[in-house]
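User: I have not seen this one before. Can you walk me through it?
Analyst: Yes, have a look first and then ask.

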Amino acid sequence: MTDVPPTDALAIKRPFRWHILVFLAPAFLVYTAIMILPLVETLRLSLYNLVDGKTVFVGLNNFITLFSDPRLAANFWNALWNNLIFFVIHMLVQNPIGVALAAMLSVPKLRFATFYRTAIFVPTLLSFVIVGFIWKLILSPIWGIAPGMMDWVGLKWMFAPWLGKPESALITVSLISVWQYVGIPMMLIYAALLNIPDEVLEAAECDGITGWSQFWKIKLPLILPSIGIISILTFVGNFNAFDLVYTVQGALAGPDGSTDILGTLLYRTFFGFQNQMGDRSMGATIATVMFLIILAGVSLYLFVIQRRIRRYQF
Amino acid sequence: MAKARTSYLRSGLIHLALISYTLIALFPVFLTLVNSFKTRNAIFREPMAIPTPSTFSLVGYETVLKQGDFIGYFQNSLIVTVVSIALVLLFGAMAAFALSEYRFRGNLVMGLYLALGIMIPIRLGTVAILQGMVAAGLVNTLTALVLVYTAQGLPLAIFILSEFMRTVSDDLKNAGRIDGLSEYAIFFRLVLPLVRPAMATVAVFTMIPIWNDLWFPLILAPGEETKTVTLGAQMFIGQFVTNWNAVLSALSLAILPVLVLYVIFSRQLIRGITSGAVK
């Protein structure tokens with residue numbers, strides 16, 4: 001086990017290396033044509049607006065409108081705050097559960113491990129259409145699955161139509177999302193734990209480090225890069241989220257905007273909803289703000305956190 | 001003796017925790033499948049009961065199969081998903097290898113450029129993508145979906161694969177070079193087999209958003225010929241909201257193919273994870 005040297009010491013003058021181009025070209029071309037160019041077009045659109053039926057360059061006016069118009073600004077801050085709560089719930093519930101499940105699954109010679117892993121990953125495979133609808137049915141007071149089950153354990157008095165109450169709707173939607181996605185951190189951490197060589201663990205056992213302390217002192221430091229990856233994936237996924245809120249609560253993200261996150265706000269602004277007209281420029285403006293928020297988070301990870309994580313080669 | 005007893009206790013607790021979580025994970029799916037086989041009255045009166053001869057009914061499935069071509073939708077989803085995954089894995093691994101293996105001018109810039117796509121939802125560019133597909137005459141084709149999903153999957157694939165490729169030992173690659181292997185042979189014959197667990201992981205992660213996507217099928221390929229399972233189920237639910245039999249059956253039909261695909265796939269995944277691990 002050696003530390004990766006910060007830079008490989010192989011930068012000698014040599015003939016043009018065509019293979020690098022060949023390796024990079026297909027991914028680069030598809031990605032640029034289908035993803036980057038349309039996105040650049042969207043960012044460009046945020047600097048334009050319709051004036052007298054013509055699209056003209058308006059500089060940062062769209063952004064000034066977004067933050068100064070009372071209705072738009074209130075909607076935006078509400079959505080951003082809700083999105084932040086959505087993210088915090090994922091980090092506090094989804095990722096620890098994922099790591100714990102992976103740690104238990106990777107216990108050597110555990111019976112039925114394959115079955116557990118397969119079963120726990122199932123919700124992650126389901127589409128939002130399915131997940132949203134199933135949970136709406138389960139939590140619905142009409143069908144009575146949730147209150148019926150709580151009755152068994154004597155907790156029926158605690159039941160409430162959680163999705164319909166402004167103060168609990170966001171938490172409920174977040175937990176549904178956690179339920180669906182816990183498989184992803186579990187799988188990534190599980191693969192990372194399996195990649196730890198037996199010699200390392202045997203050496204730890206020889207030194208009398210077993211069980212809990214082995215997990216905290218040996219395994220956890222070795223899987224830190226993977227935990228970093230799942231954190232940033234969670235961040236990006238949460239700030240792009242849209243579908244679950246849309247299928248469970250509709251485009252208005254009710255009740256009373258309490259589950260409105262940036263994705264649903266963008267959708268309503270961009271495409272319009274009910275008697276609100278779609279506004280491409282304002283939609284592009286919100287998309288640009290989302291882009292900047294995510295860019296800030298990812299930069300923090302790439303330039304500050306990732307640099308401090310030690311990597312090991314086996 | 002004492003040690004053996006604590007280890008039994010420990011594995012008992014682990015099993016208890018895992019079983020509880022497995023129940024939480026599977027319960028909603030179980031509920032949907034079970035109730036899709038019951039009569040309307042039984043769905044409401046005894047939602048938790050297994051269908052008995054007196055409550056068994058296939059009326060929901062009959063409605064669903066009369067209304068839509070679910071087998072055709074399934075084929076479309078399968079083609080789009082499999083082709084996109086293959087392209088993402090091939091192109092993604094090649095680019096990840098170039099970025100993690102070679103030092104060249106623009107390496108960091110290229111890495112950041114390709115990672116940009118992880119943080120921006122490709123949906124933000126939908127209007128421009130639609131215009132492009134119209135111009136290329138690809139609207140209502142599966143090719144349009146494959147192209148979009150390949151572009152969407154590449155950044156994350158490159159990011160994860162290059163993380164893993166950095167852990168492949170340099171000595172091994174240099175030994176290959178000394179033996180006269182070309183860079184292509186080093187990539188395909190030495191490095192790819194070693195990152196198989198990561199490839200399997202990437203394949204699963206690429207598959208999920210593609211299979212479940214509602215947005216692009218709706219916008220780029222809403223025609224009856226190119227409808228995917230997710231879009232078909234969504235449209236069906238929209239039409240039959242109050243017909244619980246039909247809705248639960250449609251949901252079950254949308255779940256079952258994924259489960260089958262996953263059971264097949266998870267064998268690969270597990271084999272990849274266990275055999276590929278560099279020991």
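**Contact between the chains**

User: How many residues does each chain put into the contact?
Analyst: The contact takes 65 residues from chain A and 72 residues from chain B. Keep in mind that this is a predicted model.

User: Which part of chain B gives the largest share?
Analyst: That is helix 1 of chain B, residues 2-35, with 12 residues on the side that touches chain A.

User: And what kinds of residues are on that side of chain B?
Analyst: On the side of chain B that touches chain A, 51 residues are nonpolar, 16 are polar and five are charged.

User: What are the scores for the model?
Analyst: Both are given as 0.81, for ipTM and for pTM.

User: OK, chain B by itself. How many helices and strands?
Analyst: Chain B has 13 helices and zero strands. Read along the sequence, its pattern is therefore α repeated, with no other element in it.

User: What is its radius of gyration, against a compact globule?
Analyst: Chain B has 24 Å, while a compact globule of 279 residues would have a value near 19 Å. The C-alpha trace of chain B spans about 75 × 75 × 30 Å along its principal axes.

User: Where are the domains in chain B?
Analyst: Chain B is divided into domain 1, covering 2-60, and domain 2, covering 68-239. The C-alpha centres of these two domains of chain B lie 35 Å apart.

User: How much of chain B is buried?
Analyst: Of its 279 residues, 44% count as buried. Helix 12 of chain B, residues 229-239, is mostly covered, with eight of its 11 residues buried.

User: Which ones in helix 12 of chain B?
Analyst: The buried residues there are Val229(B), Thr230(B), Leu231(B), Gly232(B), Ala233(B), Gln234(B), Phe236(B) and Ile237(B).

User: What share of the contacts in chain B is between residues 24 or more positions apart?
Analyst: Counting contacts with a separation of 6 or more, such pairs account for 78% in chain B. The corresponding figure for chain A is 68%.

User: Switching to chain A. What is it made of?
Analyst: Chain A has 13 helices and four strands. Of its 314 residues, 38% count as buried. Its C-alpha atoms fill a box of roughly 75 × 75 × 30 Å, taken along the principal axes.

User: Do strands 2 and 3 of chain A run parallel or antiparallel?
Analyst: Strand 2 (residues 48-51) and strand 3 (residues 54-57) of chain A run antiparallel, joined by four bridges. Tyr48(A) stands opposite Phe57(A), which is in strand 3 of chain A.

User: What is in the turn?
Analyst: Strand 2 and strand 3 of chain A form a hairpin with two residues between them. Asp52(A), in that turn, has a positive phi of about 50°.

User: Where does the confidence drop in chain A?
Analyst: Over residues 1-10 of chain A, pLDDT stays under 50, and the model has 11 contacts beyond four places in sequence for them. Among the elements of chain A, strand 1 (residues 2-3) has the lowest mean pLDDT, 46, and helix 3 (residues 70-105) has the highest, 93. Chain A averages a pLDDT of 84.

User: And in chain B? Where is it under 50?
Analyst: In chain B, pLDDT stays under 50 over residues 274-279. Helix 13 of chain B, residues 244-276, has the lowest mean pLDDT among the elements of that chain, 71. The mean pLDDT of chain B is 83, and 92% of its residues reach 70 or more.

Definitions and conventions
Residues numbered from 1 in each chain as written. Chains lettered and ligands numbered in written order. Predicted model: local features only at pLDDT ≥ 70, side-chain atom pairs only at ≥ 80, totals over all residues. pLDDT = per-residue confidence, 0-100. Contact = placed C-beta atoms within 7 Å. Nonpolar A, V, L, I, M, F, W, Y, C, P; charged D, E, K, R; others polar. Rg over C-alpha atoms; globule rule 2.2 N^0.38 Å. Buried ≥ 20, exposed ≤ 12 C-beta atoms within 10 Å, placed from the backbone. Pairing = 2+ DSSP bridges. Domains from an automatic or database assignment.
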